[in-house]
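Biologist: I am new to this structure and would like a guided tour. Please take my questions one at a time.

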Number of protein chains: 2
Amino acid sequence: MASRVLQSSSAALRAVSASPLIGKTSRAVRISSTLPRCRHFTASSRTMSPPFYAWEPEGPVVKTDIPGPKAQAAIRELNEVFDTRSLNMLTDYPKSAGNYIADPDGNILLDVYAQIASIPIGYNNPALLKAARSDEMINGLINRPALGNFPPEDWAEVLRSGILKVAPKGLNQVFTAMAGSDANETAYKAAFMWRRQHERGGAHVEFTAEEMESAMDNKSPGASDLSILSFKTGFHGRLFGSLSTTRSKPIHKLDIPAFDWPQATFPQLKYPLDQHVEENRAIEKAALDEVEHLLKNYHVPPCAVIVEPIQSEGGDNHASPEFFRGLRAVTRKHNVLLIVDEVQTGVGATGRFWAHDHWNLEDPPDMVTFSKKAQTAGYYFGNPELRPNKPYRQFNTWMGDPARALLFRAIIGEIERLGLVENTARVGDYLYGKLEGLAKKYPGQFENLRGKGMGTFIAFDNPQRDQFLVTAKKFGVNIGGSGQSAVRLRPMLIFQERHADILVERLEEVVKALQK
Amino acid sequence: MASRVLQSSSAALRAVSASPLIGKTSRAVRISSTLPRCRHFTASSRTMSPPFYAWEPEGPVVKTDIPGPKAQAAIRELNEVFDTRSLNMLTDYPKSAGNYIADPDGNILLDVYAQIASIPIGYNNPALLKAARSDEMINGLINRPALGNFPPEDWAEVLRSGILKVAPKGLNQVFTAMAGSDANETAYKAAFMWRRQHERGGAHVEFTAEEMESAMDNKSPGASDLSILSFKTGFHGRLFGSLSTTRSKPIHKLDIPAFDWPQATFPQLKYPLDQHVEENRAIEKAALDEVEHLLKNYHVPPCAVIVEPIQSEGGDNHASPEFFRGLRAVTRKHNVLLIVDEVQTGVGATGRFWAHDHWNLEDPPDMVTFSKKAQTAGYYFGNPELRPNKPYRQFNTWMGDPARALLFRAIIGEIERLGLVENTARVGDYLYGKLEGLAKKYPGQFENLRGKGMGTFIAFDNPQRDQFLVTAKKFGVNIGGSGQSAVRLRPMLIFQERHADILVERLEEVVKALQK
């Protein structure tokens with residue numbers, strides 16, 4: 001196997017060495033600020049669309065076991081000061097390029113995991129390089145503001161030309177945060193304050209002495225006895241409030257105190273979808289009934305429901321647009337907020353900018369949270385009542401990071417310039433078709449293939465999943481899992497047909513190797 | 001008044017215009033990467049030590065009310081998309097320099113609030129500018145890793161030459177985070193896992209089926225019934241776990257669900273300290289007795305105590321090194337971890353790198369959390385048992401931000417190069433002496449002056465505190481409050497005697513204006 005891979009990758013290696021982005025032996029980053037235009041690319045038989053950038057290798061290069069000797073030495077050193085037990089691959093970022101991730105031993109893998117779905121437009125993207133070198137970015141980096149107190153004079157402009165330009169329909173305000181966990185937690189805080197304000201009779205009603213006193217002692221009525229409803233197998237973060245809504249795996253939750261908040265069953269659809277229409281409709285109806293039952297009866301009343309458009313950590317679980325429209329209706333009916341967690345699904349990978357765009361809601365969600373590919377975090381909202389009635393109720397020192405907000409603006413610019421949302425829709429369909437072919441050819445190996453029409457946000461189950469992921473590296477692919485048995489594809493937005501071809505070819509090799 | 005200020009600031013204005021760091025009318029940042037050496041400065045009668053950098057204005061410039069007309073227009077625009085009710089001052093960061101913060105109307109204030117104690121070595125510091133322009137920083141910014149899975153090959157070196165170089169005595173490991181809140185929350189998670197591991201009988205004991213199942217339902221025994229003990233008037237962040245330990249003000253906590261965790265009284269010392277020695281000793285003993293009582297008897301058993309060396313948001317409340325040594329002893333005695341929250345006190349402002357260095361502990365704290373002036377966040381620990389027994393128990397996608405870690409390394413470099421910890425110790429003593437003079441001259445106006453020997457981490461109470469803070473801006477000083485009535489000084493580490501002279505002169509003007 002190794003010789004075959006090595007053979008096929010000599011051209012790729014030449015391409016890498018020739019790249020202006022990639023140094024040969026120096027540790028320093030050697031990067032050019034020239035933003036190359038799209039150009040036609042004729043060297044590969046795999047070409048279907050011209051490549052977005054010219055700086056990528058042509059394919060994976062596997063030179064050693066992973067980790068190889070250099071990586072192993074560095075991991076030993078790192079482990080003295082940093083927990084390395086969750087380490088997947090020690091990475092050489094300066095040598096990574098586009099869809100390809102490099103390691104210290106000279107291995108270069110096609111990366112369809114992308115830093116847990118967080119790299120939007122490729123490693124060492126020249127547009128981001130240009131943004132990073134701008135005076136504006138440097139100012140954001142070295143003069144970090146306490147945004148709530150001392151916003152930069154152009155903060156409205158930065159928001160409008162960046163984060164707000166892609167705001168979901170119906171939501172025109174943003175609260176900026178640092179990562180997915182605190183994006184969700186600040187959204188929860190907004191929900192609790194909103195609901196209590198309703199119960200009190202409006203924004204003008206002052207807090208009682210009893211509320212002020214009991215809040216300081218962590219007791220009700222000052223600390224509310226309300227809850228957030230989430231779904232089984234959902235993931236919303238790992239701080240104390242977000243972890244209380246996360247229901248992915250015991251290892252994420254064990255030993256950590258949690259709030260007594262309710263969980264509903266997320267529809268467990270059967271595949272292929274077109275062969276289980278009635279059954280799946282009944283499954284989704286039962287899930288909605290369970291949600292309504294909990295909203296009406298749970299002993300700690302929910303003020304909001306949080307849901308992922310596709311449960312991503314929990315195993316790539318999908319539900320139909322009808323289900324989500326039903327969820328909007330039932331939350332509206334019971335005066336409960338709907339928070340859509342787009343931390344992993346947002347920013348283009350599903351063939352729409354936001355995954356919930358697929359639902360065609362007439363009545364938008366109350367809040368939408370984001371992070372990962374946005375390279376910054378926070379939540380969108382539309383209703384002015386979701387601004388708390390007094391200042392300093394929703395506040396912290398940094399409230400996000402302007403440098404990261406500027407990076408998101410540059411990412412949005414590239415997504416628009418290159419039509420990357422349309423790209424993931426088209427390439428996703430292409431890839432899905434190829435994977436359907438593999439599923440037929442290798443029964444049981446690409447089980448429950450899912451994500452049709454959802455861009456490149458595709459997954460399947462494999463009976464030897466963990467071994468599958470390890471073996472994929474030997475064939476030049478960096479790929480991740482989710483839930484108990486899913487292999488999840490999370491390519492970047494610049495993943496093209498040429499990459500899909502390589503991926504499918506290598507996945508077939510993995511399955512063949514596992515069946516030996 | 002205004003004319004006096006305007007008169008005195010014409011020289012300052014010339015200095016600003018001449019600065020290579022500050023543009024005149026352009027919105028763009030015009031900054032030089034030349035790192036100037038210390039040079040002797042002879043133009044001002046205020047000079048006691050040579051200035052660290054040559055790019056600062058000589059003093060405040062107040063041209064308009066704050067907010068002035070340009071700021072008011074920009075705030076109206078910002079308010080359409082961002083909550084501006086906590087806005088203190090709209091800021092022109094490119095025109096800010098060193099200890100001076102600028103606004104869009106051309107006002108330039110001496111900044112002793114420093115983005116809520118978060119700017120370490122001045123606005124537009126040339127050393128940070130150089131670091132921000134480096135290829136290494138640009139790589140960290142545009143290729144953001146999921147650190148736990150895909151650390152950069154030089155991550156050990158970045159940690160060792162930066163964050164770990166200043167690790168508190170006895171603590172040689174670090175878990176990186178994003179901000180103070182999640183630094184504390186991840187430390188709490190480590191504490192819960194550590195205690196439950198002890199209770200189970202060691203790292204090798206597997207979780208039971210009942211634990212795994214109940215954890216998914218947010219119930220014990222899987223979700224532990226343990227607590228974190230914190231102190232009244234303490235502040236540790238505003239996410240759900242950290243907020244449950246925050247006891248600063250009702251407005252921070254109202255309506256947010258909280259854990260049933262215990263609070264102990266923080267010593268409320270009487271000032272001047274030398275006139276209340278016996279009384280204060282009794283106050284501290286009573287506080288320690290209360291801690292011990294809660295550790296032994298609280299119905300949700302504490303596994304850790306968290307404490308700030310100086311309660312910063314809660315009103316600048318100090319306690320003696322003896323008190324903290326007693327706290328270390330009583331936590332050790334009851335096998336409870338001691339977490340020192342140095343988010344606001346850390347990184348040099350108290351005349352030691354860490355405020356808890358003042359305690360001369362023989363037995364170090366179990367964990368020390370940091371953020372703010374570090375421009376990144378996390379917690380230090382020493383005991384290998386504080387690494388959870390399995391991977392992925394303490395984990396999230398980003399686990400910090402390498403770009404911010406590189407910035408902290410550059411900050412540490414400047415602190416060392418210029419001897420800034422020694423600087424805050426010396427300038428703090430100088431400033432404290434001057435403020436003692438003011439306190440004598442204006443009885444009741446600089447009440448409970450505190451922070452002697454604690455660098456520039458100084459505070460006093462004023463009966464018209466809120467008015468005091470607003471009025472200070474008219475006299476060219478940006479300054480913050482804490483607790484109910486404290487004026488808190490949080491100058492940067494590059495605050496020198498010349499700045500102390502200006503500050504003291506202006507504070508006297510504020511008091512005179514308020515007494516009119």
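Biologist: Which residue stands opposite V340(A) in β10(A)?

Modeller: Strand β9 (residues 337–341) and strand β10 (residues 367–370) of chain A run parallel, with 3 bridges joining them. Strands are DSSP runs of E with at least two residues and helices are runs of H or I with at least four, numbered from the N terminus; two strands pair if DSSP finds at least two bridges between them. The residue opposite V340(A) in β10(A) is V368(A).

Biologist: Good start! What kind of model is this?

Modeller: Residues are numbered from 1 along each chain as its sequence is written, chains are lettered from A and ligands numbered from 1 in the order in which they are written, and side-chain values use heavy atoms, leaving out hydrogens and water. Local features need pLDDT of at least 70, side-chain atom pairs count only at pLDDT 80 or more, and totals for chains, interfaces and linings use all residues, as this model is predicted.

Biologist: Back to the sheet: which strands of chain A stand at the edges?

Modeller: The open sheet has 7 strands with mixed pairing, in the order β3-β11-β10-β9-β6-β4-β5 (chain A). An edge strand has a single partner, so one side of it is left without a neighbour in the sheet. In chain A these are β3 (173–177) and β5 (263–264).

Biologist: How are the two copies related?

Modeller: Superposing chain A on chain B, by least squares on the C-alpha atoms of residues with pLDDT of at least 70 in both, takes a rotation of 180° with 0.0 Å of shift along its axis (RMSD 0.0 Å). The two copies are thus related as by a two-fold rotation axis.

Biologist: Which residue of chain A comes closest to the rotation axis?

Modeller: The distance is taken at the C-alpha, and it comes to 2.8 Å. The residue is F240(A).

Biologist: How much area do chain A and chain B bury between them?

Modeller: The contact (heavy atoms within 4.5 Å) takes 130 residues from chain A and 130 residues from chain B. On the chain A side, F150(A), E153(A) and D255(A) lose the most area to chain B, together 7% of what that side buries. Buried area is the accessible area (1.4 Å probe) that two parts lose on being put together, summed over both. Of the total, 58% is on carbon and sulfur atoms, and that total is about 11,800 Å².

Biologist: How many salt bridges does the rule find across the interface of chain A and chain B?

Modeller: The rule asks for a side-chain nitrogen of Lys or Arg within 4 Å of a carboxyl oxygen of Asp or Glu. One of the pairs is E80(B) with R160(A), whose closest N and O atoms are 3.2 Å apart. Over all chains the structure holds 70 salt bridges; across this interface the count is 16.

Biologist: What is the salt-bridge partner of R393(B)?

Modeller: R393(B) sits in the loop between β11 (377–381) and α14 (402–418) of chain B, and its partner lies in the loop between α11 (250–253) and β5 of chain A. The closest N and O atoms are 2.8 Å apart, and the partner is D255(A).

Biologist: Last one: which residue does a cis peptide bond join to Y271(A)?

Modeller: The bond has an omega of about -5°. The partner's place is in the loop between β5 and α12 (277–297) of chain A. That partner is P272(A).
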